[in-house]
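I opened my notebook to get to know a new structure, one small lookup at a time. Here is what I jotted down along the way.

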Amino acid sequence: MSLLEIRNLHAEVDGHPILQGIDLTIEAGQVHSIMGPNGSGKSTLAQVLARHETYAVTGGQILFNGKDLLAMKPEEAAGEGIFLAFQYPVEIPGITNAYFLRSALNAVRRCRQLDEIDAMDFLPLFREKLKQLEMDEKLLNRSLNEGFSGGEKKRNEILQMSMLEPKLAILDETDSGLDIDALRIVAGGVNAMRDPGRAFIVVTHYQRLLNYIVPDFVHVLVNGRIVRSGGPELALELEETGYAMAGAGSESGERA
Amino acid sequence: MSAISASAYLQAYLAGFGEFEKLAAGRDLPWLHALRGDGFARFCEAGFPTTREEDWRFTSVAAIAQGSFPLARPGAMPSPSQLEGWRMKDAACELVFVGGRFAPALSRMPELPAGVQAGSLAAQIAENPASLEPFLGRYLDFRRDAFCALNTAFLEDGAYVRIGRGAVLERPVHLLFVSLAGAEPQMSNPRNLVVAEENSQAAIVEDYVSLGPSADFCNTATELVAGDNAVVSHYLLEREDTQAFNFSTLRIEQGRDSSVASHSLLLGGAIVRNNVHAVLAGQGGECLINGLFAGYGRQHLDNYMRVEHARPHCSSRQFYNGILGDHARGVFHGRIIVHPDAQKTDAKQTNRNLLLSDDAQIDTKPQLEIYADDVKCTHGATIGQIEPDALFYLRSRGLDEQAARRMLLLAFASECLDRMREESVRGHVDAMIRQGLFAPGGATKELL
């Protein structure tokens, strides 16, 4: 059984079709990159996988670990092991990072039938991750993402990911707006999580990130369809030729 | 209001005032006698306001005007055990008032640092009225506001706190105003005077509670005078029974380079009006007015702010968050007045509201009146529901919808905590917010 199977997925927002027949199969241990021009549906796909209700699925099927993902609420998907690193992490004043993350961790642990973690055990773990991502320990008690720089927000997403230990992590343009140092740190955080039991979908606009997180497969999304799939070399080719060329060659797309 | 009903309640208040004056503390002091007389005359002239008056457009006080509220008499006292849940840990001292009167047996009065005095206003009137004369009634605008006029007419007891020059009181002064459960509603008019002299520092907590079902009318007024370079925090905590009426005015007078914070938390009461009127009367003063109001059922919570910048280089900040469920109604009326002399004023006002039900209502009215030309003033108000994006973000991390909503609500409510300097009071208020928001049947029952 594959970790994720997307079959002929169609989705729309406010009556506008965005995804128009996505097929994608991902096995545990793999890293897939999804590239494409603005408006091609990359973020929509990421949001649908995380079960955002704004996106209406109008056709197709998604199986996650053999279970019907489209029947799940966002929190159920998280419990099953889906994690979305947001393109624009939400700022929430008044909730500290530590409080939020411990609540989230315990929610997914309950779902996975694991014991809850108390503050005593949680804090050392949190501190270790902060250090790993070169984040200031003061962030522990600061409000969730509030006043964070772009780089801090993205690192915070990776920190949450590493605490919640998903089976499938989706990084939605996590590299956008990062300087090279932050990019290296974020990529380091992701690479440290690579594991035979875990898969990643790396959504990006730029090839640069893929120098640091080397994917097993690259897919090109244009107008809501995967128009080409290939190995890491495809990303380099796109950097040279642009998406128009990639899309022009093949309408039907290939499967990974 | 018709002339007939107005004169009907005035008759009752006139009789009450006549009786009160005969026995009131300091009745032989000419200045105090005159002050009370002025207050009562002004109250009779003005009468209770109607919604035709701009400052009362959103709040009807007909329930007070038409109700009967005899003056609370000294009588039944709660047992100390009844007060246990309401006390505050870590207070420098705790003054308990029952029906507006100081109750020494229930109060905790350890020795205070040199230069600090906290006690009953009635006792101070009896013992050293000369210390009060320069302050009492000098600041409160009782000519403009009928409730302040009424309070001034019946002025007798409450707290008197003086922080002497250079004195620093590290822990807060807790003033606990208790209303007993009673069949017949009563009126009390607590009057507080806080004088913080030059370079002093203190925190005062006014806390209004009911010990059972109560429809009392508490009409309270506080004059807070902050001397040059003084640092003062004032807290108003309203957590009375949801049948009770609470009208309060905090009048702040700030000297040069003083810093005053007013924090208010309105959780209880049927009709609540909290007036904060600050005058920045010395150069370089700083004023923070910070509040949270959360209502449910048919509660009506009105916040009326008036900040006057009278001198240059002063800054003021107003932050108010409101949460309203069921049929509750909230009002935020914030006014910033910048007088001609107040150049380099920096004033900001923000009111954010969350409505949890279709029937909840908020009226928000930020107002700027600027008569100086070199100033920076901003204001803004928002009304909304819980942010869907924030909700999704939390749910995507595994929190179920209810837990996520609770977390967002608590976060919104807790914003006021970050602005509170005194850690011990912050903890007290934090617990109160959690209890108030998530009590069974409370503001957020829609979410539970």
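Entry one. I am working with a predicted model, and I began with a single pair of residues. I looked up F97(B) and found that its bridge partner in β5(B) is F177(B).

Entry two. Next I checked the strands around that pair. Strand β1 (residues 93–98) of chain B and strand β5 (residues 173–179) of chain B run parallel, and 6 bridges join them.

Entry three. How many strands does the open sheet have, and in what order? I counted 10 strands in chain B, in the order β2-β1-β5-β8-β10-β12-β14-β16-β18-β20, and the pairing is mixed. At the edges I found β2 (101–102) and β20 (376–384) of chain B; each has a single partner strand, so one side of each has no neighbour in the sheet.

Entry four. Then I asked which strands α8(B) touches. This helix packs on the sheet against β14 (286–295), β16 (315–324) and β18 (346–355) of chain B, and its direction makes about 150° with that of β16(B). Helix α9 (residues 423–438) of chain B packs on the sheet too, touching β8 (201–210), β10 (231–239), β12 (259–266) and β14 of chain B. The direction of α9 makes about 20° with that of β10(B).

Entry five. Last, I turned to the other chain. I noted 17 residues of chain B in contact with 21 residues of chain A. On the chain B side, α7 (388–395) and α8 (401–414) each supply at least two residues, and α8(B) gives the largest share, 6 residues. I sorted that side of chain B into 9 nonpolar, 3 polar and 5 charged residues.

Conventions:
Residues are numbered from 1 along each chain as its sequence is written. Chains are lettered from A and ligands numbered from 1 in the order in which they are written. This is a predicted model: local features need pLDDT of at least 70, side-chain atom pairs count only at pLDDT 80 or more; totals for chains, interfaces and linings use all residues. Two residues are in contact if their C-beta atoms, placed from the backbone, lie within 7 Å. Ala, Val, Leu, Ile, Met, Phe, Trp, Tyr, Cys and Pro count as nonpolar, Asp, Glu, Lys and Arg as charged, and the others, Gly among them, as polar. Two strands pair if DSSP finds at least two bridges between them. Axes are lines fitted to C-alpha atoms, for helices over the stretch in contact, and angles run from 0 to 180 degrees between N-to-C directions.
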